[in-house]
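Grab a coffee and work through these exercises with the model open beside you. Each one sets a task and then walks through a solution.

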Amino acid sequence: MIDALAVSNAILWVVVLALLVAVFALARQVGILYERIAPMGALMIDSGPAVGETAPRFDLPALGGGGVAVGAAAERSQLLFFLSPSCPVCKKLLPILKSIAAAESAWLRIVFASDGEAEEHAAFRRRAALTDFPYVLSAELGMAFRVGKLPYAVLLDEAGRVRAKGLVNSREQLESLFTAKEMNVVSVQEFVTGQAGAGQGTGMGT
Amino acid sequence: MDALDPTLPHMFAALLAIVFLGGAWQKLRDLDGFAMAVEQYRLLPTSWALPAAWGILAAEAVAGLLLLPLATRIAGAALALAVLAAVTLAVAINLLRGRHAIDCGCGGPEGGQHLSWGLVLRNVLLGLAAVLSLAAEAPRELVWLDGLTLVAGTLALYGIYAAANQLMANRPRLLNLKG
């Protein structure tokens, strides 16, 4: 009798542990699904200056002196990166942005934009080692581009036209902005949807 | 406090040791990320974030190690309670400030867990486990089957802990999807 109970107990433990592993794996997969279902590429929020339109012109003082012209014709394209010191995803993207800035310096200039107290941002800029980059504070700039959620990025070409924009949470989404510019599409989202809609599913995922 | 069956205090001590040592290990692997999370709690001057991160990590590791041998279990449980009380207070203060969208720094799945009252409840339950690990043991002769109960029971409790953490980490992602 006691032996039978011991055996049954052991079997039950094995079953309980197996089920717990399954529950954990399922919860993890659900979490991954939640992330993947989110639109591919930088999510475009459909307001503010449309892609192809000329961006509103701003002449803003940069932190640490000097000025930054946004939306003006320039030698290089401009990536406006809207961030805030209190946004962890923004911080996660900073090293990626720095490496992009170094690799693409021939055609791209990265401008950091935010709003709020200059002192807090100056301290953040020093800590995050962003002193090599133009950093502007302007609530009007954010409003002109209808920046809702952070981190938000806008890619302007040499002529000051908006070429791509959207909420960016990862390196892939940041790169999708450059891809959108290269391929001359409004957003990678639209490109993928258009392909799938036309039944030309081949070659996707490149 | 009433005496508990001897397997239960051992089980709770082993669970806490795994949770604390595992937590310390994950924080050590991404120390910069953890220091950034500590800074985000906005309770300490910025320059203290890294030392505070090291302090929490060390306290966690020591508490986990002290919980394992019977001789030092009281010290381990006390240190574990102190760490839990400190971090839970930090979470609660930020929740009351409305800063729930910051990374909790728990070192969970991809470090993506935000602050929530669920986290506070989780820590209260861990605190309860720390108290129960010191409970008096009812006199009973331990047999080989207790070994199985102890190992499997500890693993099961840890499985529930890990699943609960994952579900808490999923919640903001789901809310994000709903818009």
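## Exercise 1: Sizing up chain A

Work out what share of chain A is buried, and what the chain is built from.

Solution. Start with burial: 30% of the 206 residues of chain A count as buried. Keep in mind that this is a predicted model. Next, take stock of the secondary structure, which comes to six helices and seven strands in chain A. Reading from the N terminus, the order is α-β-β-β-α-β-α-β-α-β-β-α-α. Finally, look at how far the contacts reach along the sequence: among those in chain A between residues at least 6 apart, 65% join residues at least 24 apart.

## Exercise 2: Doing the same for chain B

Repeat the survey for chain B.

Solution. Burial goes like this: of 179 residues in chain B, 36% count as buried. The secondary structure is quick to list, with six helices and zero strands, so to speak a plain α-α-α-α-α-α run from the N terminus. For contact range, take the contacts in chain B between residues at least 6 apart in sequence; 73% of them join residues at least 24 apart.

## Exercise 3: How far to trust it

Find where the confidence of chain A is lowest and where it is highest, then check chain B and the complex.

Solution. Begin with the average: chain A has a mean pLDDT of 79, and 84% of its residues reach 70 or more. Then go element by element. In chain A, confidence bottoms out in helix α6 (residues 188-197), at a mean of 59, and peaks in α1(A), at 90. Residues 197-206 of chain A have a pLDDT below 50, and beyond near neighbours in sequence this stretch has five contacts in the model. Where pLDDT is low, the predicted coordinates should not be read in detail.

For chain B, the mean pLDDT is 89, and 95% of the residues score at least 70. For the complex, the predictor gives an ipTM of 0.85 and a pTM of 0.65.

## Exercise 4: Where the chains touch

Which element gives the most to the side of chain A that touches chain B?

Solution. First, the head count: chain A puts 22 residues into the contact, and chain B puts in 22 residues. On the side of chain A, the elements giving two or more residues are α1 (2-37) and α2 (88-103). The biggest giver is α1(A), with 17 residues. Sorting the side of chain A that touches chain B by class gives 15 nonpolar, three polar and four charged residues.

Now zoom in on one helix pair across the two chains. The axes of α1(A) and α6(B) are 9 Å apart, and the helices pack at an angle of about 15°. An angle under 35 degrees counts as roughly parallel, so α1(A) is roughly parallel to α6(B). The crossing of α1(A) past α6(B) is left-handed. Residues of this contact between α1(A) and α6(B) split into 25 nonpolar, five polar and three charged.

## Exercise 5: Two helix pairs inside chain B

Describe how α1(B) packs on α6(B), and how α2(B) packs on α3(B).

Solution. Take α1(B) and helix α6 (residues 144-178) of chain B: their axes come within 9 Å and cross at roughly 45°. That angle makes α1(B) oblique to α6(B), and the crossing is right-handed. From α1(B), the residues that meet α6(B) include His10(B), Leu15(B) and Ile18(B), while those on the α6(B) side include Leu150(B), Gly153(B) and Tyr161(B). By class, the contact of α1(B) with α6(B) has nine nonpolar, five polar and one charged.

Now turn to helix α2 (residues 31-40) and helix α3 (residues 49-67) of chain B, which pack at an angle of about 110° with axes 8 Å apart. That makes α2(B) roughly perpendicular to α3(B). Again for handedness, α2(B) passes α3(B) in a right-handed crossing. Phe34(B) and Val38(B) are among the α2(B) residues here, and Leu50(B) and Ala53(B) are among those from α3(B). The contact of α2(B) with α3(B) divides into eight nonpolar, no polar and one charged.

## Exercise 6: One residue

Is Leu8(B) buried or partly exposed?

Solution. Locate the residue first: Leu8(B) sits in helix α1 (residues 7-29) of chain B. Then count neighbours. Leu8(B) has 18 other C-beta atoms within 10 Å, so it is partly exposed; buried would take 20 or more. Last, look across the fold: the C-alpha atoms of Leu8(B) and Thr149(B) are 9.3 Å apart, though the two residues are 141 residues apart along the chain.

Note on methods: Residues are numbered from 1 along each chain as its sequence is written. Chains are lettered from A and ligands numbered from 1 in the order in which they are written. This is a predicted model: local features need pLDDT of at least 70, side-chain atom pairs count only at pLDDT 80 or more; totals for chains, interfaces and linings use all residues. Axes are lines fitted to C-alpha atoms, for helices over the stretch in contact, and angles run from 0 to 180 degrees between N-to-C directions. Helices (H or I, at least four residues) and strands (E, at least two) are DSSP runs, numbered from the N terminus. Angles under 35 degrees count as roughly parallel, over 145 as roughly antiparallel, 65 to 115 as roughly perpendicular and the rest as oblique. A crossing is left-handed if the near helix is turned anticlockwise from the far one by less than a right angle, and right-handed if clockwise. Two residues are in contact if their C-beta atoms, placed from the backbone, lie within 7 Å. Ala, Val, Leu, Ile, Met, Phe, Trp, Tyr, Cys and Pro count as nonpolar, Asp, Glu, Lys and Arg as charged, and the others, Gly among them, as polar. A residue is buried if 20 or more other C-beta atoms lie within 10 Å of its own, exposed if 12 or fewer, and partly exposed in between; C-beta atoms are placed from the backbone. pLDDT is the predictor's confidence in each residue, from 0 to 100.
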